[in-house]
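Open the model in your viewer and keep the selection panel to hand. The stops below go from the whole chain to single side chains.

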Amino acid sequence: MLDRKFIIENPDLVQQNCRQRNISVDIAGLVALEHQRRAKLTEVQELNRQANEVSKTIGKAKDAQEREARKEEGRRLRDQKDAAQSEHDSLEATIVELQASIPNMTHPDAPVGADDGANREIRRGRAALPVFDFAPLDHVALCEKLDLLDLEGGARTTGHGFYFLRNEAVLLELALQRYALQVLLPEGFTPTITPDMARDAIVAGTGYSPRGPETQIYSIENSELSMIATAEITLGGLLAGQTLDAQQLPIKLCGISHCYRTEAGAHGRATRGIYRVHQFTKVEMFVFTLPDHSDAMLEHLCELECRIFDGLGIPYRVVDTATGDLGGPAYRKYDLEAWMPGRGDGGEFGEVTSTSNCTDYQARRLNARFKRAGEKGTHFVHTLNGTAVAISRALIAILENYQQADGSVVIPEVLRPWVGKDRIEPRTN
RNA sequence: GGAUGGGUGGCCGAGUGGUCUAAGGCGGCGGUCUUGAAAACCGCUGUGGGCGAAAGUCCACCGGGGGUUCGAAUCCCUCCCCAUCCGCCA
């Protein structure tokens, strides 16, 4: 959520930002409503003040008759106040709804454009695109040969979009988690395993809608809990409502969780295999910083993501996400797209990680603040999140890039200590 | 899941319908005194918001939400959390 004062004071900037981000919001209308609301608030406060004054005189009233007269006056004032208050509250509700639909402001260097076609490639990974002297398979075919994945079983027990991992796929999942931690722990991240469910209020505070037709989130019936779509939700929620000392920042967490996504509205873009699934495991970085430090921290998170994929030896490109393609909370976002030889016709890049600087947009809704010693008042922290490893997609990239002519898949060197072998051989039985 | 007791400012803790404008203490900040420090003494002390050029002033906030009342930290409902005991359980 943007700061309301900022919106009121900079309506043109905000309106222009909305246009660039493909969001239609009537900022002038919001400003007019806010002025009405403030006038109403002043009225409420004045009535409240008068009513409080009357109440104080009742205890000191001389006799029963005066007491009754004062009570009557108090009742009258409170009724007036309640009426004004409910007018105020409905204005407030309208404004909040509008305000929540306004996306974050945008980094001046982010490419301007309507959709992902305007995303700007800013970097390539160290590994070159693989050259195969045979026709490379996609991960579904590879998994079948190597007995790594049971999509039918997933569909039977749970539904389309769920899967069983088997054999070396399981070892790879665990190895990827350990590898990600190995890279992140020396960087000062606190390893964390978070709940896979969160209160709806926390889900909403992080910027996701827990319920409703458009939701990406599974919710638990007869409860106020939802399955998390990313550990960003629980890690961000961890400091909801807290006020930190400035010296405690930055707080760098890396959280391991399962992620559950309904993928509502994505059925038209259904993809083969485990590229788009309802459940996967992810190691997520989440950082709370001082406002001055969030730009540099975003670069750092991006650099860590690159380090992880360079270490895996997977070719990738980094794109600076265009204004029209940014999610609401992001001020700037870098996506890391890995080369997936089995995707599309002769290989395509597919998104494997994403890192965003949400500035104070998420913190405002979460009410996560910091305080500088000796200074009056508090400020909102900045929050950033970034994928260290989303297992299902990393798995696709590894299997497809490391496949060999004989149908085997070589294990990336950095994972071998945890997988315990160099290569996944086709099953012969 | 059941029973009981709790949740009050940065912290401890008093407060069962109206001088609560939340006692008292600790901590912190400023001052007096001192060569310096300590002690002692004096003053200050949270968050959000409205109006105002400012000084200031007003409103809200005692775990969250709702209710009763002219008036709620205090009474009622509900939810959350903590502690202890019991049951169940990997």
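What follows is a tour of a predicted model, taken stop by stop.

**Whole chain**

Start with chain A in cartoon view. Its C-alpha atoms fill a box of roughly 100 × 45 × 45 Å along the principal axes. Colour by secondary structure to bring up 13 helices and 17 strands. Of the 429 residues in chain A, 49% are buried. Among contacts in chain A with a separation of 6 or more, 71% are between residues 24 or more positions apart.

**The open sheet**

Next, select the strands of the open sheet, which has 8 of them in the order 1-10-11-12-15-9-8-4 and mixed pairing. Go to residues 120–124 and 190–193: these are strand 1 and strand 4, the edges of the sheet. Each has a single partner strand, so one side of each is left without a neighbour in the sheet. Looking across the sheet, the twist averages 30° from one strand to the next.

**Strand 8 and its two partners**

Select residues 251–260, which make up strand 8, together with residues 279–289, strand 9. The two pair in the antiparallel sense, over 10 bridges. Two places to check are Cys259, opposite Phe280 of strand 9, and Ser257, whose bridge partner in strand 9 is Lys282.

Now add strand 4, which runs parallel to strand 8 and is joined to it by 4 bridges. Here Thr192 has Gly255 of strand 8 as its bridge partner. Is strand 8 enclosed or open to the outside? Of its 10 residues 9 are buried, so strand 8 is largely enclosed by the rest of the structure.

**Nonpolar cores**

Show side chains for Leu176, Phe309 and Leu415. In the largest nonpolar core, which has 61 residues, these three touch the most other members. Centre on Phe309 and set aside its neighbours within four places in sequence: the residues in contact with Phe309 are then Ile314, Tyr316, Leu336, Val352, Thr353, Ala388 and Ala394. Another core, of 16 residues, lies apart from the largest one; Leu235, Phe288, Leu290 and Ala363 are among its members. As background, nonpolar side chains tend to be buried together in soluble globular proteins.

**Aromatic pairs**

Switch to the aromatic rings, where the count comes to 3 aromatic pairs. One of them is Phe132 with Phe134, an edge-to-face pair at 5.2 Å centre to centre with 65° between the planes. Both rings belong to partly exposed residues: the relative accessible area is 22% for Phe132 and 24% for Phe134.

Then select Trp339 and Phe349. This aromatic pair is also edge-to-face, with 5.0 Å between centres and 70° between planes. Trp339 belongs to strand 11 (residues 332–340) and Phe349 to strand 12 (residues 348–357), so the pair ties together parts 10 residues apart in sequence. Are Trp339 and Phe349 buried or exposed? Both are buried.

**Tyr275 and two arginines**

Finish at Tyr275 and show Arg343 and Arg393 with it. Arg343 lies over the face of the Tyr275 ring, 4.0 Å from the ring centre. The charged end of Arg393 also sits over the ring of Tyr275, at 3.6 Å from its centre.

Key: Residues are numbered from 1 along each chain as its sequence is written. Chains are lettered from A and ligands numbered from 1 in the order in which they are written. This is a predicted model: local features need pLDDT of at least 70, side-chain atom pairs count only at pLDDT 80 or more; totals for chains, interfaces and linings use all residues. Side-chain values use heavy atoms; hydrogens and water are left out. Two strands pair if DSSP finds at least two bridges between them. Axes are lines fitted to C-alpha atoms, for helices over the stretch in contact, and angles run from 0 to 180 degrees between N-to-C directions. Rings of Phe, Tyr and Trp (its six-membered ring) pair if their centres lie within 6.5 Å; planes under 30 degrees apart count as stacked, over 60 as edge-to-face and the rest as tilted. Buried means under 20% relative accessible area, exposed over 50%, partly exposed in between (1.4 Å probe, protein chains only). A charge sits over a ring if NZ of Lys or CZ of Arg is within 6 Å of the ring centre and within 35 degrees of the ring normal. A nonpolar core is a set of buried Ala, Val, Leu, Ile, Met, Phe, Trp, Tyr and Cys residues joined through side-chain atoms within 4.5 Å. Contact means heavy atoms within 4.5 Å.
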